[in-house]
Amino acid sequence: MADGSGTEGRFEQLKQVLSNSPLLVNGFDRQGRCVLWNHECERLFGWRFDELVRHPEPLALLYPDDAIRQSVKNTFSTESGSRFCEWAPLTRQGRSLPSLWVNIALPDGELICIGHDISEQKKAETQLQLAARVFECSYEGILITDADNRIIRVNPAVTLITGYSTEELLGQSPALLASGRHSADFFEAMWHSLHTEDHWRGEIWNRRKNGEIYPQLLAISALRNRDGQISHYVAVFSDISQLKADAAELEQIAQYDALTGIPNRRLLADRLLQAMARTKRQGSQLAVCYLDLDGFKQVNDEHGHPAGDQLLIEISCRLKHILRQYDTLARLGGDEFALLFAELQHSEDLHPILTRVLETITTPIELADGQARVSASIGVTFYPHDDSNADLLLQHADQAMYQAKQAGKNRYQFYDLEQQTEQLNRHHQLKVIEQALQHQEFVLYYQPKVDLLNGQVIGLEALIRWQHPQLGLLVPAAFLYQLDGSRLEWTLGQWVINSVLQQIADWQQQGLDLTVSLNISADHLLQPDFADHLKMSLQHYPQVSPASLELEFQEIAAIRQLEQLIRVLEQCHQLGVQIALDNFGTGLSALSFLRQLPLDILKLDHSFVSDMLTNDEDLSLVSSVLHLARTFHHPVVAEGVESPELGALLLKLGCRFAQGYGIAEPMPAGLVPAWIDNWHGKGLWADLTSHFGPDQTMNSRE
């Protein structure tokens, strides 16, 4: 400041007046030293006046940027007067403080700066600018109407989406964009939401200027003034055509088979649930069909997989033409399909439909390198007669389809609920039997076979028993029938063979050289590798002579596969094992087999023997069978000898060998040695010969 008591006094007075001003007031001399810094400056900037007075260049604290600081200093050199500037000095914390200043340059070079904090206004401006920028640059259409629903402003995105220019839209009602697809109820609900909740959001179909109808995702907000009255409506919308297209494509991928374009397993599950519900409501029937192509693998092998794909596409097209509007065709994978035939009044209504399906599929198909022909096996179950859930309905139809294949293919088979119940029960029983085998609940009992003429024990027959933990000892008739045709039949049969060989070995160590026979089921015996497994079993017991083992089989095996049976029996003979035909005389073709089968022994069925004493026909039949056996030089063992009288009669007829309860009941292996000693020691066999005279005995030896 210039010297002079008058000027200095006036400046001091000015400082006093401005120090408590709510405005920002500060002052600097020509050298940039601070000469004035009021309380408001201290509050907002954080610097105290005494700190700035001592600082050699206080402006550097407020304006670190050299260019800005120089601009401020240039203000000092202006002529006396005032000047408005917008600066942003830094606070002590380094925060920029936007402010508007009027700079008063005094004649002697001092500068008085009076400012106002405009940071809030700057924020508001920034927000307004940002909002305007968002409005202009938004990809979503933004449309504003007045309270009367007349368009007053739109952003560029609106014109891009709708095809209308801004000029064409201003002053119009948004109804200009309506597609006509929505009902009056739809718009009534929309306006109700706007008037009661001030907003509405949803999907809507609108129309572009070129007439194209497209989907929008639309959100409308109602703006109210201070009096609570609606002043404007703001609509923000986006074109979701591509989103809809992408969703449709994803749905196609997720729910439709990529090759054939028909529903896949996922969509079938949904359609099946809907069809089941509709069937219940209507009181009709629903046919659930499982279809598998016959011969498809051969097409793939001969023509290649592209040809197989072509065939599947053609089959799908053909089947679609058969279906009604409420039916469903789906591909489950590979060459398997499912068909739902709904709204059937009677199950018989399905017969002509399935007949047409089979005929359609068997029609030859032209491929790129020739012609192919396939057929189909179809399994069917009816809902609600089969009142199962959706998954089980398909399983039941699948099971029926396999029955159709086993019955010869190119046909349809209905699911039999009662038969399936029996199969489930059998499956359960097989599991129980399998567990019993694992828990070593099966045991072998042995029934002796003797020579009626001299009482010699010629061998024993091994008979399986089940030591059931709850039911006690069960005979074969109580459980063996469950094994027919199952894999467990082979497993249990192998266990019997190995157990018998082990028992023979144990008796040999006790000094007993015994031949043991055992029964082999037809399915077990006819396995191509039966002889190989038998050989391995014999090799595990080298101390046991193969001749000590006798295999008994029934005539049913010969009836099924005679050539395979002959082959297996010859292989067993080569191993040294004996062969016996069990239940001889009960089969329809038994006599014709005697010339072809490699047999060592014939076993006369107990059903003929047990009634010989009272039934002349049985007596004649036994006599004829024994005569036939002598013709072919086969010894005969008679089963079912329940009394000495029967034994005596058999010996009279020329049958020396027998077994039955009249001789001994089946017994555990541990009781066999004592029984043999008792049989020989007490001569119990002699009771069998006491019923005929010497002449009869002589005749029996012939």
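This report walks through a predicted model of one protein chain, from its overall dimensions down to single residues.

## Overall build

Start with the big picture. The chain has 702 residues, and its secondary structure comes to 28 helices and 27 strands. The radius of gyration is 53 Å, whereas a compact globule of 702 residues would sit near 27 Å. The box around the C-alpha atoms tells a matching story: along the principal axes it is roughly 180 × 65 × 55 Å.

As for packing, 45% of the residues count as buried. If you take contacts between residues at least 6 apart in sequence, 59% of them join residues at least 24 apart. The chain exposes about 36,600 Å², with carbon and sulfur atoms supplying 51% of that area. On the charge side, there are 56 positive and 90 negative charges, and their mean positions are 10 Å apart.

## The E4–E5 hairpin

Strand E4 covers residues 99–105, and because five of its seven residues are buried, the rest of the structure largely encloses it. Its partner is strand E5 (residues 111–117), and the two run antiparallel, paired over seven bridges. One position to look at is valine 102, which stands opposite isoleucine 114 in E5.

The turn has something to show as well. Five residues separate the strands of this hairpin, and glycine 109 takes a positive phi near 105°.

## Backbone oddities in the loops

Which two residues flank the cis peptide bond with omega near 10°? They are tyrosine 383 and proline 384, with the bond running from the tyrosine to the proline. Proline 384 belongs to the loop between strand E16 (375–383) and helix H15 (390–406).

Next come two positive phi values outside glycine. Asparagine 149 has phi near 65°, and its place is the loop between strand E6 (141–146) and strand E7 (151–154). With a relative accessibility of 18%, asparagine 149 counts as buried. Lysine 409 has a positive phi too, of about 70°, and isn't a glycine either. Lysine 409 lies in the loop between H15 and strand E17 (411–414); its relative accessibility is 39%, so it counts as partly exposed.

## E22 and its two parallel partners

Strand E22 is a good one to zoom in on. It spans residues 549–553, and five of its five residues are buried. That cover extends to both faces: Leu549, Leu551 and Phe553 are buried on one side, and Glu550 and Glu552 are buried on the other.

E22 has parallel pairings with E21 and E23. Strand E21 (residues 516–519) is joined to E22 by four bridges, in the parallel sense, and asparagine 519 has glutamate 552 as its bridge partner in E22. Strand E23 (residues 578–584) is also joined to E22 by four bridges, again in parallel. There, the bridge partner of phenylalanine 553 is leucine 581 in E23.

## Three residues up close

Is serine 193 buried or exposed? Serine 193 is buried, because its relative accessible area is 13% and the cut-off for buried is under 20%. This serine lies in helix H9 (residues 184–197). Setting aside residues up to four places away in sequence, serine 193 touches Asp198, His199 and Trp200.

Glutamate 563 is another helix residue, found in H21 (residues 562–575). At 64% relative accessible area, glutamate 563 is exposed. Its C-alpha atom is 9.6 Å from that of leucine 597, which is 34 residues away along the chain.

Arginine 656 sits in the loop between helix H25 (644–653) and strand E26 (657–658), and is partly exposed, with a relative accessible area of 30%. Neighbours within four places in sequence aside, arginine 656 is in contact with the run Val450, Asp451, Leu452, Leu453 and Asn454, plus Leu651. For a link back to E22, take leucine 551, one of its buried residues: the C-alpha atoms of arginine 656 and leucine 551 are separated by 20 Å, with their positions 105 residues apart along the chain.

Methods. Residues numbered from 1 in each chain as written. Predicted model: local features only at pLDDT ≥ 70, side-chain atom pairs only at ≥ 80, totals over all residues. Heavy atoms only, no water. Rg over C-alpha atoms; globule rule 2.2 N^0.38 Å. Buried < 20%, exposed > 50% of the residue type's maximum accessible area, 1.4 Å probe, protein only. Contact = heavy atoms within 4.5 Å. Areas by Shrake-Rupley, 256 points an atom, 1.4 Å probe, with all protein chains shown as cover. Lys, Arg positive; Asp, Glu negative; His and termini not counted. Charge placed at Lys NZ, Arg CZ, Asp CG, Glu CD. Pairing = 2+ DSSP bridges.
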